[in-house]
Amino acid sequence: MSCFGKVLSFSGRSRSAGTGALVDVDGSHFLLTAAHCVHFRWLESRPIHVRFSPWREPRRHSWRSGRPDDVVALRMAVPRPWVESGDVQHDFALLRADRFDDLAAADLHTGSLPDRVTLVGIENKLLRAERPRWRSARVTPAGAVPMLSVDAALERGASGGPWTVPVPGGAGEVVSVTSIALRSQPGRLFGPVLSIASLRAAAANLHGAEDPAFATLDLAPARIR
C-alpha cells in the first residue's frame with residue numbers, strides 16, 4: 001500500500017482537503033502533512049476531526065460517509081510558532097492513529113539536500129475521481145527565509161503532500177511537505193525544513209511528553225457539525 005493519501009479535516013462547517021504521507025519515527029508510524037491542512041487556527045476552541053484516506057486507485061469520495069479504509073487520527077502535534085502566528089516556516093503537523101503502524105511508511109531524509117525531489121499531491125475535486133499528480137523538481141534553499149523551494153506547481157489539494165527522494169527497495173525518504181505558493185513567484189512551491197529532532201519531539205508529545213515547542217491536541221473521533 002502506498003504511504004501517501006488524502007487528508008480530510010472537519011471543524012464544524014469548516015473543512016479542508018490536502019495530501020499527507022506516513023513517516024517512520026523510531027519504529028512508529030505517523031501522518032505527516034502541512035499544519036494548515038489540519039489545524040484551524042481561527043477555530044482552536046472547536047473540536048477537529050481528521051481522516052486519512054490511503055491512496056489505492058482513483059475513486060469518488062464522499063465528505064459525509066468517508067471510506068471503509070479511512071483511518072481516523074487520534075492526536076495531533078503542531079509547532080507552537082504555527083499555532084501562535086501561522087509562521088509558515090513551521091507549517092507541518094504530525095498525527096497519531098492506532099492503525100498507522102499497519103501501513104507502509106517512509107523515513108525522513110537526513111542526508112544532505114538532494115538536487116531533485118518528487119512531489120505528489122491528490123487534486124481536490126470532490127465530485128470526480130481522485131488522481132494523484134507527481135512532479136519531479138529541483139529543490140533549493142528558499143533564500144533569506146529558512147524554507148525549501150521547488151520549481152513546480154500542483155493543483156489545489158496538493159498542500160501537505162510529501163517531497164521525496166527514492167530509496168532502493170523502500171518507500172522513499174521525505175525531505176519536506178508542500179506548504180505555500182506565492183503570487184510573486186509563480187511556478188514555485190515552498191516547504192518547511194524538517195529535522196529528525198523536530199519529528200521526534202512531536203512524536204514524543206503524541207505519546208504523552210510535554211515539549212513546549214509543540215501544541216498537542218486530542219482529535220474528535222467523529223465529525224461534529
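Which residue in β10 stands opposite Leu 119? Keep that in mind as we go.

Before selecting anything, note that this is a predicted model, in which local features need pLDDT of at least 70, side-chain atom pairs count only at pLDDT 80 or more, and totals for chains, interfaces and linings use all residues. Residues are numbered from 1 along each chain as its sequence is written, and side-chain values use heavy atoms, leaving out hydrogens and water.

**The whole chain.** Show everything as a cartoon: you will find three helices and 15 strands (DSSP runs numbered from the N terminus, helices being H or I with at least four residues and strands E with at least two). Of the 225 residues, 53% are buried (under 20% relative accessible area with a 1.4 Å probe, protein chains only).

**The eight-stranded sheet.** Next, follow the open sheet in the order β5-β4-β1-β2-β3-β7-β6-β15, where the pairing is antiparallel. Select β5 (71-72) and β15 (214-218): each stands at an edge with a single partner strand, so one side of each has no neighbour in the sheet. Strands count as paired if DSSP finds at least two bridges between them. Now pick β1 (residues 4-11) and β4 (residues 49-54), antiparallel strands joined by six bridges. Within this pair, Leu 8 has Arg 51 of β4 as its bridge partner.

**Strand β9.** Select residues 116-122; five of the seven residues in this strand are buried. Add β10 (residues 132-141), which runs antiparallel to β9 and is joined to β9 by seven bridges. Here is the answer to the opening question: Leu 119 stands opposite Arg 135. Finally, add β12 (residues 162-165), which pairs with β9 in the antiparallel sense over two bridges; there, Thr 118 stands opposite Thr 164.

Methods
Buried < 20%, exposed > 50% of the residue type's maximum accessible area, 1.4 Å probe, protein only.
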